[in-house]
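Reader: Hi! I am just starting to read protein structures, and I would love a close look at one part of this one.

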Amino acid sequence: MCSVALMGMIFEDDSSGAWNEMFEAPGKPRPIYERLFAEIDRFDPAELLQRSDQLSHTFLDRGVTFAHSGEERPFPLDLMPRLLGAIEWDLLERGISQRVRALEAFLGDVYGAGQVFEDGVIPKSVVTTSSHFCRAAHSIEPPNGVRITVAGIDLVRDEIGKFRILEDNVRIPSGVSYVIENRRAMTQTFSALFSNHRVHPVDSYPARLLAALRLAAPYGIGDPVVVVLSPGVYNAAYFEHVLLARMMGIELVEGRDLVCRSNHVFMRMTNGERPVHVIYRRVDDDWLDPLQFRPDSVIGVAGLVNAARAGNVALANALGNGVADDKLVYTYVPDFIRFYLGEEPLIENVETFRLEDPDVLGEVLQSLDAYVLKPVDGSGGKGIVIGPQADEQTLTSVRDAIIMSPRNWIAQRPVALSTHPTLVDEQVSPRHVDLRPFAVSGGQGVWVLPGGLTRVALGAGELVVNSSRGGGSKDTWVLNDQLVAPRGPATDVGQPPRNAGVIPRQNDEYTDQEAEQ
Amino acid sequence: MSEQGMLSRLAESLYWIGRYVERADDTARTVDSYVHRMVEDPFNDEDATCRSLLSILGMPYEKDEPITRADMLQVIVYDVENPNSIAGAFSGAYENARRSRDFISSEMWIALNKTRNRLPQMESTARLLGPSSYLEYVRERTALLAGLTDATLSHDDGWNFLVLGRTIERIDMTARLLRGRVLSAEHAPDWLAFLRANGAMESFMRSTNELHDANSVATFLILDRLFPRSVLFSLNLADSCLFEIQPSGQRIASADMARQSLARARGRLDFMDSSQLLAQLPELLEMLEDTCLLVNDAITTKFFRHEDAVLWSSEGAL
């Protein structure tokens with residue numbers, strides 16, 4: 001146990017062996033954090049708390065919330081940013097792009113030729129038994145060939161500081177709105193910090209997304225109508241749907257706003273119906289079309305899937321992408337990268353065991369408490385059992401579940417997620433963090449938003465960071481340079497601007513005289 | 001300008017933001033004037049006054065036991081569950097704003113969200129110190145919202161729907177208040193207090209040299225063409241909103257149900273002999289309330305709920 005003083009507060013480092021993002025040794029910040037550390041260290045703790053308070057108020061007033069267990073609450077933003085250096089980010093960017101390209105190829109293959117099965121890269125049964133495999137997606141060919149318009153790839157940093165892929169989200173990854181809002185709040189609260197760092201901006205995301213969505217338009221539609229389809233105000237991520245629609249300047253629709261007629265989709269307007277060509281849908285496959293999937297869905301649109309199959313409307317992301325999120329399929333992704341791209345994976349997976357192999361299963365069952373056990377189709381951290389932290393009863397029930405259906409579980413080596421100093425209960429303490437970068441693709445290469453969402457588990461020692469589990473987040477800065485170069489003139493204007501004219505004022509000699517008396 | 005149209009659901013939300021915010025404002029003004037009356041008039045019958053107010057606001061109190069001022073305030077001001085109360089109206093406006101958050105300006109959204117977050121705190125203060133600070137806060141916030149609506153939203157269909165809602169609500173509320181004054185005068189604020197509640201005192205005084213009697217006040221509030229809270233002004237505004245939303249040809253009058261109802265009411269008021277106003281007032285007010293209902297239904301059917309019945313046919317064959 002070692003401790004360092006930061007802002008006059010004692011910063012307790014735990015001895016869990018986790019990588020500390022900010023410090024390489026007690027009291028010694030890593031090179032990229034030096035400036036930040038020096039800045040923050042100068043703050044008066046009381047002032048810092050005040051700013052933190054101000055930050056959460058801003059969020060509440062702006063309605064930046066996440067619905068957690070049925071309650072709207074602000075998504076807590078920690079005021080200490082997480083920093084990523086240029087070199088490190090370069091690797092992450094290439095690694096994520098590589099991964100998305102491989103997953104894209106895999107999905108195209110699964111719902112097309114099936115080469116990957118024939119060549120024995122992955123058994124066909126693994127794919128067809130995935131609960132997210134979608135037969136209806138067969139033969140729906142996206143016009144621009146893109147099934148993964150938006151991906152969120154979850155990364156963790158292990159004990160030796162190496163980033164690893166924890167899971168892929170290529171269905172409807174959420175969280176990018178918090179990246180945008182966090183940055184906005186941070187620049188307002190801490191403008192001084194930004195002037196000492198060169199931070200990659202994040203506000204081009206909506207424009208990038210819109211461009212990608214427009215590229216997904218059906219053939220022959222020159223000026224497509226693009227909409228965001230949301231399940232409605234009760235959805236946990238409703239705030240994000242609103243933000244994206246607003247920033248892209250397109251309509252936010254709900255299922256009841258849309259209607260399908262002879263395989264075309266229209267939205268109901270005050271003056272009749274208007275055709276819709278591209279739907280950025282934030283509704284799960286299961287609820288999307290009551291005629292194809294759950295007949296009890298009231299948030300979907302009857303006939304949508306056939307309209308997509310007829311090529312009259314494009315869905316982003318595509319149907320059936322969930323098969324790539326399956327955590328058993330995840331174990332095969334490095335092989336996909338080699339198979340489709342002929343490259344070696346730039347970022348490795350977390351060491352994972354497939355439980356369908358009886359030998360592996362036996363080994364894992366013998367020492368369950370040494371593994372992290374995950375249901376293959378879970379999202380939002382649901383159902384995860386962290387062996388070393390679990391009690392006897394939990395382990396017994398997960399053991400039964402695994403024996404019942406080994407296909408539906410994977411075992412992973414527990415990774416002590418890296419920690420980052422975080423303001424909790426008026427104290428700066430280390431908390432575990434992960435990183436979810438977002439990638440956007442319209443068929444002309446994969447663009448990765450610099451940084452991404454750093455999620456932080458607010459409970460001490462807690463390893464599950466999902467916002468749906470009450471986690472918080474940090475602004476994530478990708479620094480342009482390892483060291484800050486001196487700045488040139490702010491803008492490159494040819495000549496100094498002409499002084500503006502004097503602002504006219506009311507002729508008020510009388511009052512002036514009065515004031516002088 | 002209306003080539004484009006807008007999402008029906010969105011249009012409905014905006015219309016109701018307009019209505020609810022106006023409702024909060026008008027209710028605050030009314031309650032304020034009634035509370036004043038109760039405080040200042042030594043012969044005031046608290047129970048009867050409260051009943052009268054509840055009745056004109058469409059929430060008649062049916063129970064036999066007497067109702068106190070505190071009970072009345074609970075129902076009309078603080079009860080979030082009641083969409084006719086001030087807190088309830090704000091909550092209704094907030095819910096609609098959530099649904100149209102991608103459309104309204106972020107400043108409007110923040111103003112509304114902040115108000116809603118702040119109301120519970122204002123309520124606890126008001127319970128200690130009396131309702132006037134609460135009512136003042138409501139008037140300020142609704143004015144802020146109205147200002148932001150006009151200054152930060154393009155004056156397109158969405159804005160027109162919002163203003164339409166605001167206007168219809170204003171006509172309805174003014175009619176109700178006048179009815180209270182006419183039907184149970186002994187419990188209602190006097191005519192001048194009534195003007196003050198409408199923020200109309202100075203405008204009224206400047207508008208006329210006549211005797212400040214009941215008839216002249218009613219004339220001002222109903223027939224004045226320049227005062228923005230008068231009924232005729234609002235009728236004209238509502239009609240121009242509808243025209244903007246769906247321009248009709250120049251030559252043949254509109255077949256639009258809503259515009260026809262408005263035109264009938266306007267025709268009646270336009271050529272009215274103002275000296276006869278007071279005598280015809282009860283019947284006139286009833287007509288105005290009916291007009292509001294009719295217009296509301298016509299707009300709803302025409303713009304918000306024009307879904308056609310589900311047709312069962314084979315799903316688009318390929």
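Reader: How many helices and how many strands make up the secondary structure of chain B? Please take me through that chain closely, and then show me what surrounds it.

Author: Happy to! Keep in mind from the start that this is a predicted model. The secondary structure of chain B comes to 13 helices and 0 strands. If you walk along chain B from the N terminus, you therefore meet α-α-α-α-α-α-α-α-α-α-α-α-α.

Let us look at overall shape next. The C-alpha trace of chain B spans about 80 × 50 × 40 Å along its principal axes. The radius of gyration of chain B is 21 Å, and the globule rule gives 20 Å for 318 residues; these values are close, so chain B is as compact as a globular protein of that length. Of those 318 residues, 45% count as buried. You can also ask how far along the chain the contacting residues lie from each other. Taking the contacts in chain B with a separation of 6 or more, 69% come from residues 24 or more positions apart.

Now divide the chain into its parts. Chain B has a domain 1, covering 7-153, and a domain 2, covering 154-304. The centres of these two domains of chain B, taken over C-alpha atoms, are separated by 20 Å. Where the domains touch, domain 1 of chain B brings 31 residues to the contact and domain 2 of chain B brings 30 residues. On the domain 1 side of that contact, α1 and α2 (46-56) of chain B each supply at least two residues. The element that gives the most there is α1(B), with 21 residues. Sorted by class, this side of domain 1 of chain B has 14 nonpolar, 8 polar and 9 charged residues.

Chain B also meets a partner, so turn to its contact with chain A. Here 23 residues come from chain B and 27 residues come from chain A. On the chain B side, the elements that give two or more residues are α1 (8-40), α4 (86-99) and α5 (106-129). This time α5(B) gives the most, with 5 residues. By class, the side of chain B that touches chain A has 8 nonpolar, 6 polar and 9 charged residues. Notice that α1(B) appears in both stories: α1(B) gives residues to the side that touches chain A, and α1(B) also gives residues to the contact between the two domains of chain B.

To finish, follow that contact across to chain A itself. Chain A is divided into domain 1, made of 2-350 + 415-478, and domain 2, made of 351-414. Their centres, taken over C-alpha atoms, are 26 Å apart. Each of these domains of chain A puts 15 residues into the contact between them. On the domain 1 side, those residues divide into 5 nonpolar, 7 polar and 3 charged.

Chain A has strands for you to trace. One open sheet of 5 strands has the order β17-β9-β8-β24-β25 in chain A, and its pairing is mixed. Its edge strands are β17 (348-349) and β25 (446-448) of chain A, each pairing on one side only. At the β25(A) edge, strand β24 (residues 438-441) of chain A is joined to β25(A) by 3 bridges, and the two run antiparallel. Look there for Val440(A), which stands opposite Trp447(A) in β25(A). Helix α3 (residues 86-110) of chain A lies across β8 (150-157), β9 (163-169), β24 and β25 of chain A, and α3(A) runs at about 140° to β25(A).

Another open sheet of chain A has 3 strands in the order β12-β13-β14, with antiparallel pairing. The edges of this sheet are β12 (258-261) and β14 (272-276) of chain A. From one strand to the next, the twist averages 40°. Strand β13 (residues 264-269) of chain A pairs with β14(A) over 5 bridges in the antiparallel sense, and Met269(A) has Gly272(A) in β14(A) as its bridge partner.

One last stop is helix α9 (residues 238-248) of chain A, which is mostly covered, with 9 of its 11 residues buried. Among them are Tyr238(A), Phe239(A), His241(A) and Met248(A). Just after α9(A) comes Gly249(A), which takes a positive phi of about 70°.

Note on methods:
Residues are numbered from 1 along each chain as its sequence is written. Chains are lettered from A and ligands numbered from 1 in the order in which they are written. This is a predicted model: local features need pLDDT of at least 70, side-chain atom pairs count only at pLDDT 80 or more; totals for chains, interfaces and linings use all residues. A residue is buried if 20 or more other C-beta atoms lie within 10 Å of its own, exposed if 12 or fewer, and partly exposed in between; C-beta atoms are placed from the backbone. Helices (H or I, at least four residues) and strands (E, at least two) are DSSP runs, numbered from the N terminus. Two residues are in contact if their C-beta atoms, placed from the backbone, lie within 7 Å. Ala, Val, Leu, Ile, Met, Phe, Trp, Tyr, Cys and Pro count as nonpolar, Asp, Glu, Lys and Arg as charged, and the others, Gly among them, as polar. Two strands pair if DSSP finds at least two bridges between them. Axes are lines fitted to C-alpha atoms, for helices over the stretch in contact, and angles run from 0 to 180 degrees between N-to-C directions. Domain bounds come from an automatic or database domain assignment. The radius of gyration is taken over C-alpha atoms; the globule rule is 2.2 Å times the number of residues to the power 0.38.
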